[in-house]
Amino acid sequence: MNISGVLVRSYPENIQSVWDELVKIEGVEVHGSNDDGRMVVTVEQENAGQLSDMLVRMQDIRGVLSTSMIYHQFEENE
């Protein structure tokens, strides 16, 4: 299992719509945001190779300015 922390930046006026789109993606959880458009997001995936595709998918959401992986952890499946 791969767990990644991602910082998503959006236009402040698009926080809610971006949040709503992010939580529709399997394995994505939004933990919070602030008034300037930053959102703290975690992504859980089986394959580490999928992360770059996930970042691009999040980047393509209308209103998103940038996505940056800030943390990554790999855990062995039991």
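Reader: What makes up the protein in terms of helices and strands?

Author: The protein has two helices and four strands; these elements are DSSP runs numbered from the N terminus, helices being H or I of at least four residues and strands E of at least two. From the N terminus on, their order is β-α-β-β-α-β. The model is a predicted one, in which local features need pLDDT of at least 70 and side-chain atom pairs count only at pLDDT 80 or more, while totals for chains, interfaces and linings use all residues. Residues are numbered from 1 along each chain as its sequence is written, and side-chain values use heavy atoms, with hydrogens and water left out.

Reader: Why is the protein called as compact as a globular protein of its length?

Author: The radius of gyration is taken over C-alpha atoms, and the globule rule is 2.2 Å times the number of residues to the power 0.38. For 78 residues the rule gives 12 Å, and the protein has a radius of gyration of 12 Å, close to that value, so it is as compact as a globular protein of that length.

Reader: How do you know that β1 and β3 pair?

Author: Two strands pair if DSSP finds at least two bridges between them. Eight bridges link β1 and β3 in the antiparallel sense, with T42 in β3 as the bridge partner of G5. Likewise, β1 and β4 run antiparallel and are joined by nine bridges; there, L7 has S68 of β4 as its bridge partner.

Reader: What makes β2 and β4 edge strands?

Author: The open sheet has the order β2-β3-β1-β4, with antiparallel pairing. Both β2 (28-33) and β4 (64-74) pair on one side only, and these are the edge strands. Five bridges join β2 to β3 (residues 38-45), and S33 stands opposite M39 in β3.

Reader: Why is β1 described as largely enclosed by the rest of the structure?

Author: Buried means under 20% relative accessible area, exposed over 50%, and partly exposed in between, with a 1.4 Å probe and protein chains only. Seven of the nine residues of β1 are buried, so β1 is largely enclosed by the rest of the structure. In the protein, buried residues make up 35% of the 78 residues.

Reader: Where do the two helices lie, and at what angles do they run?

Author: Axes are lines fitted to C-alpha atoms, for helices over the stretch in contact (heavy atoms within 4.5 Å). Angles run from 0 to 180 degrees between N-to-C directions. Helix α1 (residues 15-22) lies across β1 (2-10), β2, β3 and β4, at about 155° to β2. Helix α2 (residues 51-59) lies across β1, β2, β3 and β4, at about 155° to β4.
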